[in-house]
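Visitor: I would like to learn how to read the strands, the burial and the aromatic pairs of a model. Please take the general idea first and the case after it.

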Amino acid sequence: MYRTVTRQIAVRVEPFYLDDRSEPAENRYVWAYRITIDNQSDDFVQLLSRHWRITDAAGRVEEVQGDGVVGEQPELNPGDSYQYTSGCPLTTPSGIMSGRYTMRNEHGETFDIAIPTFSLDIPDRTRTVN
């Protein structure tokens, strides 16, 4: 699990490899990641947008930006949590993701919070396939 806190908003990430959706013989490796956002501040906040930087094992970088997450722009009161799951395909067996969310508080101020950099790795890379 990966975790970071910005302005008393904690972001936790748990990536996991999707063996059943991956096809290594075709250079297709798929991960999902579960993100939990905990509003530990005293302010109401809303997640407005996301920005991802995805780097595969060959050093290729893809930038992904957009409104909200999984079609939502969640609102979090103090003490609230929001969790979602999304995914990432790569053409290499590993990579890393990093990013940020743009938030707005109850005073109309917008600010960025960090998403911790996390690794996309196939578990037990020494296993053999029969």
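**Reading the model**

Guide: Start with one cross-strand pair: Arg53 stands opposite Glu63 in strand 5. The model is predicted, so local features need pLDDT of at least 70 and side-chain atom pairs count only at pLDDT 80 or more, while totals for chains, interfaces and linings use all residues. Residues are numbered from 1 along each chain as its sequence is written, and side-chain values use heavy atoms, with hydrogens and water left out.

Visitor: How many helices and strands does the protein chain have?

Guide: Both are DSSP runs numbered from the N terminus, a helix being H or I over at least four residues and a strand E over at least two. The protein chain has 0 helices and 9 strands. Its C-alpha atoms fill a box of roughly 55 × 25 × 20 Å along the principal axes.

Visitor: Which strands are joined to strand 4 by bridges, and in what sense do they run?

Guide: Two strands pair if DSSP finds at least two bridges between them. Strand 4 covers residues 45-56. With strand 8 (residues 94-105) it shares 11 bridges, antiparallel, and Ile54 stands opposite Met97 there. With strand 5 (residues 61-67) the pairing is antiparallel over 7 bridges. Strand 6 (residues 75-76) is joined to strand 4 by 2 bridges, also antiparallel, with Gln46 opposite Glu75.

Visitor: What lies between strand 4 and strand 5?

Guide: The two strands form a hairpin with 4 residues between them, and Gly59 in the turn has a positive phi of about 90°.

Visitor: Is strand 4 largely enclosed or largely open?

Guide: Burial is read from relative accessible area: under 20% is buried, over 50% exposed, and in between partly exposed (1.4 Å probe, protein chains only). Strand 4 is largely enclosed by the rest of the structure, because 10 of its 12 residues are buried. For the protein chain, buried residues make up 40% of the 130 residues.

Visitor: Why do Leu47 and Thr55 count as buried?

Guide: Leu47 is at 0% relative accessibility, so it counts as buried. Thr55, also in strand 4, has a relative accessible area of 18% and is therefore buried too.

Visitor: Which residues is each of them in contact with?

Guide: Contact means heavy atoms within 4.5 Å. Neighbours within four places in sequence set aside, Leu47 is in contact with Ile37, Gly68, Val69, Gln73, Pro74, Tyr101, Thr102 and Met103. On the same terms, Thr55 is in contact with Arg60, Val61, Gly95 and Ile96. Across the protein chain, 64% of the contacts between residues at least 6 apart in sequence join residues at least 24 apart.

Visitor: How many aromatic pairs does a search of the whole structure find?

Guide: A pair of aromatic rings is described by the distance of the centres and the angle of the planes. Rings of Phe, Tyr and Trp (its six-membered ring) pair if their centres lie within 6.5 Å; planes under 30 degrees apart are stacked, over 60 edge-to-face, and the rest tilted. The search finds 6 aromatic pairs. In one of them, the rings of Tyr82 and Tyr84 have their centres 6.1 Å apart and their planes at 35°, so the pair is tilted. Tyr82 is buried at 13% relative accessibility, and Tyr84 is buried at 5%.

Visitor: Which residues form an aromatic cluster?

Guide: Tyr2, Tyr33, Trp52 and Phe118 form one aromatic cluster.
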